[in-house]
Amino acid sequence: MKISNAISSALSVTGYVGNLRIARSDLIKAAHLLERIGLAAIGASCGLYVGATLLRQRGGLFESGWIVLLMMLYGALSCYVGIDLACNVARKSVPSISEEWNGSEVAEIMSAAGTFGAAIAATLSVSILVLDQNLPNGLIGFVAGSWVVGSSLQVAAGTMARTYGAPMDKK
C-alpha cells in the first residue's frame, strides 16, 4: 500500500476501529473534548501554583487549604471555557477599515489578555515557590489579583463568544 493511499484512507469520512465505524465528526468532537479537558488541567495547575503561593504567605488572609482548591477549580473553569473559543467565532472576523466592532473581536481580545495575565501570574507564582522567595504581601496580592482578573477575562470571553456564535431567532 502506498503512503498516499494510507493517508487518504485515514482522512476518509469514516474511520474504522475493528468492525465499528466511527464518523469523522464524532472523532473530531471527541478530540475537541480531550483538548478542552487538557486545557482545564492546565488551568487547574496554574491555579494550584497561585493558590500555593497565597497559602505560603503566613499572616495573610489565605491560611486555609480551601484557597488552593478554589483557585484550581476556577482555573480549570476559566481555561476550559475561555481559551478555545467555540465555533471559531473569533477566526471569522473579516478584515475591514470600518470602525465597527462585533462581539467576536472583543471576545478574542479578552481571551488573549486573560490568557496572558493568568499565564504571567502562574509563571511568577512558580518562580516564587521554586526560588523560595519571601516577597511582601502586596506583591503576592498583585500576582493573585492578576491571575483572578486574567481568569475572569477568559470566562467572560468564552461566554461572549458562545453567545455571539449562537444563532438567534428573528421573528
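## Val50 and Ala52 in helix α2

In this predicted model, Val50 is a residue of helix α2. Because its relative accessibility is 1%, and a residue must be under 20% to be called buried, Val50 counts as buried. Although Val50 and Trp147 are 97 residues apart along the chain, their C-alpha atoms are separated by 7.6 Å.

Ala52 also belongs to helix α2, but the relative accessible area of Ala52 is 22%, and therefore this residue is described as partly exposed. The C-alpha atom of Ala52 is separated by 9.3 Å from that of Met71, a residue 19 positions away along the chain. Met71 itself is listed among the buried residues of α3.

## The lengths of α2 and α3

Does the span of each helix agree or disagree with the expected value? For α2, a rise of 1.5 Å a residue means that its 33 residues should span 48 Å, and the end C-alpha atoms of α2 are indeed 48 Å apart, so the two values agree. The same reasoning applied to α3 gives an expected 24 Å for its 17 residues, and because the end C-alpha atoms of α3 are 24 Å apart, there is agreement here as well.

## How α2 and α3 meet

Helix α2 covers residues 24–56 and helix α3 covers residues 66–82, and the axes of these helices come within 6 Å and cross at roughly 145°. The crossing of α2 and α3 is right-handed. Sorted by class, the residues in the contact of α2 with α3 are 18 nonpolar, 4 polar and 1 charged.

The buried residues of α2 include Arg36, Leu39, Ala40, Gly43, Ala44, Gly47 and Val50. An α-helix has 3.6 residues a turn, so residues three or four places apart point the same way. In α3, the buried residues include Ile67, Val68, Gly75, Ala76, Ser78 and Val81.

## Two cysteines without a bond

Why do Cys46 and Cys79 not form a bond? The sulfur of Cys46 has its closest cysteine sulfur in Cys79, at 6.0 Å, and because a disulfide requires the sulfur atoms to be within 2.5 Å, this separation is too far for a bond. The structure as a whole holds 0 disulfides.

Both cysteines appear in the lists of buried residues, Cys46 in α2 and Cys79 in α3. Cys46 is buried because its relative accessible area is 19%, where the limit is under 20%, while Cys79 is buried with a relative accessible area of 8%.

## Annotated transmembrane regions

According to an unreviewed UniProt entry, the annotation "transmembrane region" covers residues 33–54, 66–89, 109–131 and 137–161. In the model, the chain over residues 33–54 is 100% helix and 0% strand, with its end C-alpha atoms 31 Å apart. Over residues 109–131, the chain is 96% helix and 0% strand, and the end C-alpha atoms of that stretch are 33 Å apart.

## The loop residue Asp132

Asp132 is placed in the loop between α4, which covers residues 103–130, and α5, which covers residues 137–165. Is Asp132 buried or exposed? Its relative accessibility is 54%, and because a value over 50% is the condition for being exposed, Asp132 counts as exposed.

The backbone of this residue also deserves a look. Most residues other than glycine have a negative phi. The phi of Asp132, in contrast, is near 50°, which is a positive value in a residue other than glycine.

Terms used. Residues are numbered from 1 along each chain as its sequence is written. This is a predicted model: local features need pLDDT of at least 70, side-chain atom pairs count only at pLDDT 80 or more; totals for chains, interfaces and linings use all residues. Side-chain values use heavy atoms; hydrogens and water are left out. Helices (H or I, at least four residues) and strands (E, at least two) are DSSP runs, numbered from the N terminus. Buried means under 20% relative accessible area, exposed over 50%, partly exposed in between (1.4 Å probe, protein chains only). UniProt positions are given in the numbering used here, feature names are shortened, and annotations may be inferred rather than shown by experiment. Axes are lines fitted to C-alpha atoms, for helices over the stretch in contact, and angles run from 0 to 180 degrees between N-to-C directions. A crossing is left-handed if the near helix is turned anticlockwise from the far one by less than a right angle, and right-handed if clockwise. Ala, Val, Leu, Ile, Met, Phe, Trp, Tyr, Cys and Pro count as nonpolar, Asp, Glu, Lys and Arg as charged, and the others, Gly among them, as polar. The expected span of a helix is 1.5 Å times one less than its number of residues.
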